[in-house]
Amino acid sequence: MGVMRRNLFLVLALFTALCFRVNAGVTPEQLTEPEYMINGGYSETTAEEVFLIKNRVDGKPCEPLYDKNQNRFVRACKKFYSYLDPAVDSEERYHHDIHMSPSISDL
């Protein structure tokens with residue numbers, strides 16, 4: 001009867017160990033952090049887009065997450081063009097404060 005009692009104790013101990021809950025504690029904010037997304041298999045571009053959308057929703061400045069090395073002349077042309085046309089979705093992502101009512105600064 002000693003062997004049966006020991007086996008019953010081992011089965012009960014195993015059952016108890018399997019019944020404990022495991023709390024990972026990952027919040028939705030942590031799920032959308034760029035480092036967590038890249039480690040989860042998403043690309044840098046996807047992580048950067050999620051980062052920018054979160055900043056736009058929160059009203060924070062929209063700055064690129066990763067610096068792209070480009071020629072100075074090409075970078076200057078893109079900055080100039082994105083400054084002139086606020087509708088373009090450039091890599092530099094200039095943030096234009098668009099106000100619906102006219103003001104003296106528009107002149």
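# Exercises on a predicted helical model

In helix 4, the residues A47, E48, L52 and N55 are buried. The exercises below start from this group and concern a predicted model.

**Exercise 1. Determine on which side or sides of helix 4 the buried residues lie, and find what they pack against.**

*Solution.* Begin with the list of buried residues in helix 4, namely A47, E48, L52 and N55. These residues cover an arc of only 135° around the axis, which puts them on the same side of helix 4. The general geometry helps here: an α-helix has 3.6 residues a turn, so residues three or four places apart point the same way. As for the partner, the buried residues of helix 4 pack against helix 3.

**Exercise 2. Compare the expected span of helix 4 with the distance between its end C-alpha atoms, then repeat the comparison for helix 1.**

*Solution.* Helix 4 covers residues 44-58. At 1.5 Å a residue, its 15 residues should span 21 Å, and because the end C-alpha atoms of helix 4 are 21 Å apart, the two values agree. Helix 1 covers residues 2-19, and its 18 residues should span 26 Å, which agrees with the 26 Å between its end C-alpha atoms. In terms of burial, helix 1 is hardly covered, since the count of buried residues among its 18 residues is zero. After helix 4 comes G59, whose phi is positive, near 80°.

**Exercise 3. Decide whether N55 is buried or exposed, and name the residues that N55 touches beyond four places away in sequence.**

*Solution.* First place the residue: N55 is found in helix 4. Next take its relative accessible area, which is 9%; buried means under 20%, and therefore N55 counts as buried. Finally, leaving out residues up to four places away in sequence, N55 touches K60 and P61.

**Exercise 4. Locate T32, classify its exposure, and work out which residues T32 touches.**

*Solution.* T32 is found in the loop between helix 2, residues 28-31, and helix 3. With a relative accessibility of 26%, T32 counts as partly exposed. Not counting residues up to four places away in sequence, T32 touches M37, V50 and K54. For the last of these contacts a distance can be given: T32 and K54 are 22 residues apart in sequence, and their C-alpha atoms are 8.7 Å apart in space.

**Exercise 5. Identify which residues form a nonpolar surface patch with Y36, and describe the setting of Y36 itself.**

*Solution.* The patch is formed by V26, L31 and Y36, which together have about 260 Å² of accessible area. Y36 is found in helix 3, residues 34-39. The relative accessible area of Y36 is 41%, so Y36 is partly exposed.

**Exercise 6. Summarise the protein chain by its secondary structure, burial, contacts and accessible surface.**

*Solution.* The protein chain has five helices and zero strands, and along the sequence this reads as α-α-α-α-α. Of its 107 residues, 9% count as buried. Among contacts between residues at least 6 apart in sequence, 22% join residues at least 24 apart. The accessible surface of the protein chain comes to about 9600 Å², and 61% of that surface belongs to carbon and sulfur atoms.

Key
Residues are numbered from 1 along each chain as its sequence is written. This is a predicted model: local features need pLDDT of at least 70, side-chain atom pairs count only at pLDDT 80 or more; totals for chains, interfaces and linings use all residues. Side-chain values use heavy atoms; hydrogens and water are left out. Patches are made of residues with over 30% relative accessible area and no salt bridge: like charges are joined within 9 Å, nonpolar side chains (Val, Leu, Ile, Met, Phe, Trp, Tyr) within 5 Å. Accessible areas come from the Shrake-Rupley method with a 1.4 Å probe; for residues, only the protein chains shown count as cover. A salt bridge is a side-chain nitrogen of Lys or Arg within 4 Å of a carboxyl oxygen of Asp or Glu. Helices (H or I, at least four residues) and strands (E, at least two) are DSSP runs, numbered from the N terminus. Buried means under 20% relative accessible area, exposed over 50%, partly exposed in between (1.4 Å probe, protein chains only). Contact means heavy atoms within 4.5 Å. The expected span of a helix is 1.5 Å times one less than its number of residues. The arc is that of the directions from the helix axis to the C-beta atoms.
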